[in-house]
Amino acid sequence: MKNLNTLLAGVFFAVALPFGALILSGQSQLGGLGRAAGEEGGALFPSREPGLAIQGRAVYVSLGCVSCHTQQVRPAGQGSDIARGLGARPSVARDYALQSQVLLGERRLGPDLANYGARTSQINVETLLTDPASSGAVWHPSYRFVDAAQRTALVAYLKSLRQDYPSPEAKLKK
Amino acid sequence: MTQDNRSGRPQGRPPEGDGRVSRGEASLRGPFLLFFVSAVVWLLAASVLGVIAALDLGSMVGVLRDCAWFTQGRIATAQQDLFIYGWGFNAFFALNLWLLAQLGRFEFRNGWLAQLGGVAWNLALTYGIARVFAGDMTGYRLLDFPREVGPVLAVAFLLAGFWPIVAFARRPTGHTFASQWFVVGASFAFPLIYLLAQLLVLWQPASGVVQALAHSWFIANLLQLWFGASALAAIYYFLPKVLERTLTGYYLAPVAFWTFFLFAGWTGPAALVGSPVPLWLQSTGVVAAAMMLIPVIIVAINVHGTLSSQGGWARAWNDTTLRFVSFGAVAFTLAGVLGGVFAFRSMSAVVRFTSFATGLEQLLVYGCASMVVFGASYFILPRLTGALWPSAKLVHVHFWATALGFLAAVVAWLVGGWQNGQLLANPAVAYADILRAGASWCLVLKISAVLLLVGHVAFALNAFGMILKAPAPASRHD
């Protein structure tokens, strides 16, 4: 392999081919997803995010919550997410179609939050942020340093996280 | 190192040397030392943050717990970015430059351009880390810096990481070696990957989960094509060089190179098994991760075949450079095999979302890449500075603290991750109980973080002591 141009061309194609095949074709397959009704004549989902929830997502990102929490429910056969009650159905690509920033997460040091809004109350979230020990959380940091406005936005964001509606791609577990 | 060593312990002293360096090496001295010193400073900073993050994790109280700058999410992010972009990149800027110059036998002209790139890289990194501590991060691991940092890092990379390729293109020698292929491949691939990922994740975000897809593609490429390829370049150089023999089955090295680059780019979606992305993408990632076993096996034949003949392992154990490099080679094989096996759906279902993925990543980034850089430093610095390593004891402390600290951490991540995954798979076990069950592994990680800090401090003291004691550059004409 004496020829530098051959080497560079080979490496270029080694990078470009998977990029095209995985990312660009993924975009072409999923880029057109939007709101849809799970059943004929039903309401359209996913819902648009409220403004306060969008602000709350910025707080969620700035605190680095994504390093410990995921936002995705795996199908049966890939872990026990549904049996554990993390969601009534697996997450599908459409659930994230309206999100400007998708935070699927890679690690679960804390529980999954894809359906957090559907399984908790306002008071629980406030307590978790200000006094995690009394809320029964294990290892959860305290966010007492977060000011009231940010906390309100963060609570609104966490409450907005729900995938408890039917989707054309995944039926709700009865 | 070829000097006789009857003590059976790593040597703290360099081999032969007349205190002067060749003209080729003299031209590398400035850029190399800038990258190397920056790398070690960032490594120390990352190690300190690593200790704080480890102590912070799993404890409900602590001095820093109520401080926004030191909340777990920010400190863990900053630590990881410092380690990858501060230590990892600077270290391989230095090592790759040296390898290319040595094998291409060229004088590194206009080295100030590479130095300018190094300064720009470190300034952009400092700014990015300050923004992370302030909470201005993107939420995408290893693309955490605010998006304005990305283009600066890309340009800095072109100067610091790609400029040596331009010099390589004008080399006087025609023949090339496996090390050069890997360095050229890594240095050419990274800017492409980084710019495309910046574009689709931060500047013009792709729709919905395609962002996650682009992110996983970036992470896989960063780890394999930059860290993996750069580390392999060094392994392919130092092993035959120090052992003074040809690699076993070296004729297979081109196959290893091309299959490594061909398959690595497709492995990203293997990290998304079970995620809301199309099944065909997940399956492609799994197949590619399994196909990566081909280059891993060929590298194993080249490297472990060589070490297993004519007392290679014994010599590796008794030589400082080779001890670190062999450690890295074993870690590479282990990372490749485990990565292939645990990409399969049935295995991934258990270890997904646990520390297992961290363990695999660290096998490559620390166990392989960082250990290889340490070993290379023991070889290169005496030649480049014309000075001796000040303390053999610090070399011992460095090796044992990093080796034991890393092994403890990787066992905690892999075994702890597997146990964690088994408990997660059982819906009858409460989440709080699963976390409590991992407390003992958390303690191991705390001890490991302290050990790694000790090892890195020993390395820094020795290296800085050597650089400060180095005589003024005086070149010999050879």
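In what pattern do helices and strands follow each other along the sequence of chain A? Select chain A, colour by secondary structure and trace the chain from its N terminus: the order reads α-β-β-α-α-α-α. That comes to five helices and two strands. Keep in mind as you go that this is a predicted model.

**Stop 1: chain A as a whole**

Stay with chain A and turn it around. Its C-alpha trace spans about 65 × 45 × 35 Å along the principal axes. The radius of gyration of chain A is 20 Å, whereas a compact globule of 174 residues would be near 16 Å. If you colour by burial, 45% of the 174 residues of chain A count as buried. Now switch on contacts within the chain: among those with a sequence separation of 6 or more, 75% link residues 24 or more positions apart.

**Stop 2: where the two chains touch**

Bring chain B into view and select the residues on each side of the contact. You should have 70 residues of chain B against 61 residues of chain A. On the side of chain B, the helices that each supply at least two residues are α2 (72-104), α5, α6 (210-243), α7 (253-264), α8 (279-291) and α15 (431-437). Which helix gives the most to this side of chain B? Pick out α5(B), which contributes nine residues and leads the list. Colour the touching side of chain B by residue class and you will find 42 nonpolar, 21 polar and seven charged residues.

**Stop 3: α1 of chain A against α5 of chain B**

Next, show only residues 4-30 of chain A, which form α1, and residues 178-203 of chain B, which form α5. Their axes come within 9 Å and cross at roughly 30°. At that angle, below the 35 degrees that bounds the class, α1(A) is roughly parallel to α5(B). The crossing of this pair is right-handed.

Turn on side chains to see who meets whom:

- From α1(A), take Leu7(A), Leu8(A), Val11(A), Val15(A), Phe19(A) and Ile23(A).
- From α5(B), take Trp181(B), Val184(B), Gly185(B), Phe188(B), Ala189(B), Leu192(B), Ile193(B), Leu196(B) and Leu200(B).

Sorted by class, the residues of this contact between α1(A) and α5(B) are 14 nonpolar, one polar and no charged.

**Stop 4: a helix pair inside chain B**

Hide chain A and select α6(B) and α7(B). Here the axes lie 10 Å apart and the packing angle is about 165°. The two helices α6(B) and α7(B) are therefore roughly antiparallel to each other, and their crossing is left-handed. On α6(B), highlight Ala220(B), Asn221(B), Gln224(B), Leu225(B), Ala229(B) and Tyr236(B). Facing them in the contact from α7(B) are Ala253(B), Phe260(B), Phe261(B) and Ala264(B). By class, this contact of α6(B) with α7(B) has eight nonpolar, two polar and no charged residues.

**Stop 5: one residue, Ala156(B)**

Finish by centring the view on Ala156(B), in helix α4 (residues 149-169) of chain B. Is Ala156(B) buried or exposed? Count the other C-beta atoms within 10 Å: there are 22, so Ala156(B) is buried. Setting aside neighbours within four places in sequence, the contacts of Ala156(B) are Gly117(B), Ala120(B), Trp121(B) and Ala124(B). For a last distance, draw a line from Ala156(B) to Asp319(B): the two are 163 residues apart in sequence, and their C-alpha atoms are 35 Å apart in space.

Note on methods:
Residues numbered from 1 in each chain as written. Chains lettered and ligands numbered in written order. Predicted model: local features only at pLDDT ≥ 70, side-chain atom pairs only at ≥ 80, totals over all residues. Axes fitted to C-alpha atoms, helices over the stretch in contact; angles between N-to-C directions. Helix = DSSP H or I, 4+ residues; strand = E, 2+ residues; numbered from the N terminus. Parallel < 35°, antiparallel > 145°, perpendicular 65-115°, else oblique. Left-handed = near helix turned anticlockwise from the far one by under 90°. Contact = placed C-beta atoms within 7 Å. Nonpolar A, V, L, I, M, F, W, Y, C, P; charged D, E, K, R; others polar. Rg over C-alpha atoms; globule rule 2.2 N^0.38 Å. Buried ≥ 20, exposed ≤ 12 C-beta atoms within 10 Å, placed from the backbone.
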